[in-house]
Amino acid sequence: MAEYEYEYEHEARKGTAAANADAARAAAESKAAAAKVAAERACVAAERQARTEAEAIESAEAAEARRKAAEEFSAAEAEAARAHAAAERSRSEAARWAAEAARLAADEKAAETDRQEAAHIAHETALLEARTAVAEDFARLTARERNERRVARLLLANGFNVVRPDAEVVPLTQIMSVLNIKQTAAGDTRTGAVRLLMEGYRATDFELEMDGTQV
């Protein structure tokens, strides 16, 4: 009986040990499986975290790149605006200088016209004054003096030469006819005309014009 109980107890202990071993093995396997799952989850989480961090870094770099691009674009736009404004100022300045040059040219042209007109007026005035003086001088001459000058002009017109004076180039009959005077007066007038020519007398334009009106 005692031997039977011993065997029974011995088998029971063996069964318990086996059961404990199985339980321990199952627990170990369960722990190992759980550890594997945990490791796999940790690996997945680590990969996900790495991707998230990489995406965050990439997003930050992209954002920085976009920010720099925006800054560069804004700077380029500002530079273009400054260049456009400078070009506009240059065009305005060029237009202003062109207008000023045109105004100065017009003023210069007007001034030149005024100078020419003033010179012409001065010239005409001088001529008029000279003609007036000659006319006044002529008006102060006596009839005899006027006749002597007219005969002197007739002598010059007919080739009279002061180097070899020859009064006969104008006959007395011609003088008598032109001046409507007698022979003696014509001779005296011709003598006075020769004297004038020898003293350097030359006809003025006014006197020549008078000769034309007296013909």
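These notebook entries record what I looked up in a predicted model of one protein chain.

**Entry 1: the chain as a whole.** I began with the secondary structure and found five helices and zero strands. Read along the sequence, the pattern is α-α-α-α-α. I then looked up burial: of the 215 residues of the protein chain, 13% count as buried. I also looked up how far apart in sequence the contacting residues lie. Among contacts between residues at least 6 apart in sequence, 60% join residues at least 24 apart.

**Entry 2: the two sides of helix H3.** Which residues of helix H3 are buried? In this helix, residues 172-179, I noted Leu-172, Ile-175 and Leu-179 as the buried ones. Viewed down the axis of H3, these buried residues fall within an arc of 60 degrees, so they line one face of the helix. I recalled the general rule that an α-helix has 3.6 residues a turn, so residues three or four places apart point the same way. I next turned to the face of H3 that points away from the buried side, and there I found the exposed residues Thr-173 and Ser-177.

**Entry 3: what covers H3.** I looked up what lies over the buried residues of H3, and the cover includes helix H2 (143-157) and helix H4 (183-198). Just after H3, I noted that Asn-180 takes a positive phi of about 60 degrees.

**Entry 4: H3 against H4.** At what angle do H3 and H4 pack? I found an angle of about 105 degrees, with the axes 9 Å apart. That angle makes H3 roughly perpendicular to H4, because values from 65 to 115 degrees count as such. I then listed the residues that meet: from H3 they are Leu-172, Ile-175, Met-176 and Leu-179, and from H4 they are Gln-183, Ala-186, Gly-187, Thr-189 and Arg-190. The H3 residues in this list include Leu-172, Ile-175 and Leu-179, which I had already entered as buried.

**Entry 5: Arg-195.** I located Arg-195 in helix H4. Is Arg-195 buried, exposed or partly exposed? Its relative accessible area is 39%, so I entered Arg-195 as partly exposed. I also looked up its separation from Glu-148: the two residues are 47 apart in sequence, and 9.2 Å apart in space from C-alpha to C-alpha.

**Entry 6: aromatic rings.** I searched the whole structure for aromatic pairs and found zero. I did find a charge over a ring: Arg-96 lies over the face of Trp-97, at 4.8 Å from the ring centre.

Technical notes:
Residues numbered from 1 in each chain as written. Predicted model: local features only at pLDDT ≥ 70, side-chain atom pairs only at ≥ 80, totals over all residues. Heavy atoms only, no water. Phe/Tyr/Trp six-rings, centres within 6.5 Å; stacked < 30°, edge-to-face > 60°. Lys NZ or Arg CZ within 6 Å of the ring centre and 35° of its normal. Buried < 20%, exposed > 50% of the residue type's maximum accessible area, 1.4 Å probe, protein only. Helix = DSSP H or I, 4+ residues; strand = E, 2+ residues; numbered from the N terminus. Arc of directions from axis to C-beta. Contact = heavy atoms within 4.5 Å. Axes fitted to C-alpha atoms, helices over the stretch in contact; angles between N-to-C directions. Parallel < 35°, antiparallel > 145°, perpendicular 65-115°, else oblique.
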